[in-house]
Amino acid sequence: MRRRVQTFAVHGVLVVAAALTVLPLVWMVAASLMPTGEASAVPPRLVPSAATLDHYRALFARLHLTRALLNSAGLATAVTLVSLFLNSMAGYGFAKFRFAGRDRLFRVLLGALVIPAQVAMLPLFLILRALGAIDTYWAVVVPGMASVFGIFLVRQYALGIPDSVLDAARVDGAGEFRIYRSLVLFLCAPVLITLAVFTFMGTWNDFMWPLIVLADDRLYTLPVALANLAGEHVQDTELMMAGAVLTVLPVMLLFVFLQRYYVAGIMSGGVKE
Amino acid sequence: MRRGPEGAQARAAWYFLAPALLLIGLFFFLPVGASLLLSITDFDIYALGDSSLARFVGLRNYGNLVHNPTFWTAIKNTFYFALVGGPLTVAVSLGAALLVNARAVRLRGVFRTVYFTPFVTSLVAIAVVWRYLYHPRHGLLNLLLGLAGIHPIDWLGDPRWAMPAIILLAVWKNFGFNMVIFIAGLQSIPERLYEAARMDGASGWQQFRRVTLPMLAPTFLFVAVVTMIGYFQLFAEPYVMTQGGPANSTLSVVLLMYEEGFRWWNMGYGAAVAFVLFAIILLLTLVQLRLRAREAIP
């Protein structure tokens, strides 16, 4: 009997906590569908009196967020593809080849994880400015093309590839790059999907760096465009919520569909320390 | 590759490593080193036009920082956020993990997904949303508190409440991430330890104290370090919600660096701010690792 009460109580707390967790997101979606002014009604309401898509139309027609949406999607895709390629090569290199200084080099890279990215930002800005890359898409893509975290994740996974498989391919006369391309990438597919989800979400949601290097509003990513709108349209609650939904929804869908890989990645990074 | 000659192996390795290492070296290690140099110059908006105008000034930027009350406000606020918000987030994460992982819980996966969802959202979008939730008159939060008989609070307009408001948002957004790591840690504790404890007559609380917590220690350390490093980099929340106000009560170190470096183009001064941040993070990480090392030796 006591056990039954306990189980019931646990479920009660879980449900209340879940409701509180989704409440801000539910309100965001509801407010984005409300007629102008209704989101600021007193007392606040959770359900639109009449749902309307006007604010979404305004975002695309009047505020040109289509461009920002495409920028975000394009940049996140580019960074994801390039970094997946380079990080998987390096991760495989660290895992499966022996050379002088390998372990020390790897430790130096891991040590760099404690350096906050902001420390590099000011000189990085000057370097990219000297290269003429500031206020271009390049400035957003370049710093994300390779990452210590990505190399680490792939290396941990590639350690599990048996040497005998690679050696067999070599005996068959396959070149090193061919082995990487047609064998290693295939064997590492699960961790590569994990890394792809991480990188895509990270780039999509990144704010500070795009804010710094993009001045032309035609190049803005969604978070930068949204922060900019938030300054100009403080009173248009419903419009801002539509913008927030547009920014949040794509990655959230991605997460829901690929969460198995995403969660697996967090666990492998966190527990194997 | 064991049979191949060492030289060929090393050559192939570098061929795989070179592109990524070159990029990380050029666009991370080089700027980090350059940042230290930049922090001992007076690089400003004029130097941005003609870099020969920048001069080495030794430790003057650091000296100016120490005598700048705004810097100390930013330091104080950032510690407030990290040292209150960090432990709070870890505690909520652990609580959520214990609940989700409790015996006989149904729909475990659904709860886990729901709690994790805030973590994948864009911080900017969420900060925009919460700015309205925190509205003193028509915000949802004050409505909920009103039901409990609490008077409306001007969350983002009152210097005493602005930082707690940002902490609450951060806890909400981040607890799901740590929770997933805690769940993995909990599931790696062998069931026989609990069985042995029960045979010795240990109560639920004693099992938690004597088995769960010690076995979870490595996970705890990892979560604490990662959360803390992240929280010291507070930026988007105050940038979007309060612009560091009211009365500088939410001005963070990174926001100060951004303002100095990229708004007023005092890049030498901004670099000094960035290095102070680095020093703090490094120091606290070492302290936490040291504490852990001491615990490991019984």
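Modeller: The expected span of a helix is 1.5 Å times one less than its number of residues, and this predicted model can be set against that rule.

Colleague: What makes the reach of helix H1 (residues 2-32) of chain A close to the expected one?

Modeller: That helix has 31 residues and reaches 45 Å from its first C-alpha to its last, which is close to the 45 Å expected at 1.5 Å a residue. A kink of about 40° nevertheless lies in H1(A) at A:Leu23, shortly before the proline A:Pro24, where the bend is the angle between axes fitted to the seven residues ending at a position and the seven starting there.

Colleague: Which residues of H1(A) are called buried, and what makes a residue buried?

Modeller: A residue is buried if 20 or more other C-beta atoms lie within 10 Å of its own, and in H1(A) this holds for A:Leu14, A:Thr21, A:Pro24, A:Leu25, A:Trp27, A:Met28, A:Ala31 and A:Ser32.

Colleague: Why is B:Gln9 called partly exposed?

Modeller: B:Gln9, which is found in helix H1 (residues 6-38) of chain B, has 18 C-beta neighbours inside 10 Å; because the buried class begins at 20 and the exposed class ends at 12, B:Gln9 counts as partly exposed.

Colleague: Why is chain B called more spread out than a compact globule?

Modeller: For 298 residues the globule rule gives 19 Å, whereas the radius of gyration of chain B is 24 Å, well over that value, so chain B is more spread out than a compact globule. The C-alpha trace of chain B spans about 75 × 75 × 35 Å along its principal axes, and the chain holds 13 helices and zero strands. Buried residues make up 43% of the 298 residues in chain B.

Colleague: How many residues of each chain are in contact with the other, and which helix of chain A gives the most?

Modeller: With C-beta atoms within 7 Å as the criterion, 73 residues of chain A are in contact with 75 residues of chain B. Helix H13 (residues 237-271) gives the most to the side of chain A that touches chain B, with 15 residues, and the residues of that side divide into 56 nonpolar, 11 polar and six charged.

Colleague: How is chain A divided into domains, and what lies between their centres?

Modeller: The domain assignment gives domain 1 (1-52) and domain 2 (53-271) of chain A, whose C-alpha centres lie 32 Å apart. Their contact takes nine residues from domain 1 and nine residues from domain 2.

How values were computed. Residues numbered from 1 in each chain as written. Chains lettered and ligands numbered in written order. Predicted model: local features only at pLDDT ≥ 70, side-chain atom pairs only at ≥ 80, totals over all residues. Contact = placed C-beta atoms within 7 Å. Helix = DSSP H or I, 4+ residues; strand = E, 2+ residues; numbered from the N terminus. Nonpolar A, V, L, I, M, F, W, Y, C, P; charged D, E, K, R; others polar. Domains from an automatic or database assignment. Rg over C-alpha atoms; globule rule 2.2 N^0.38 Å.
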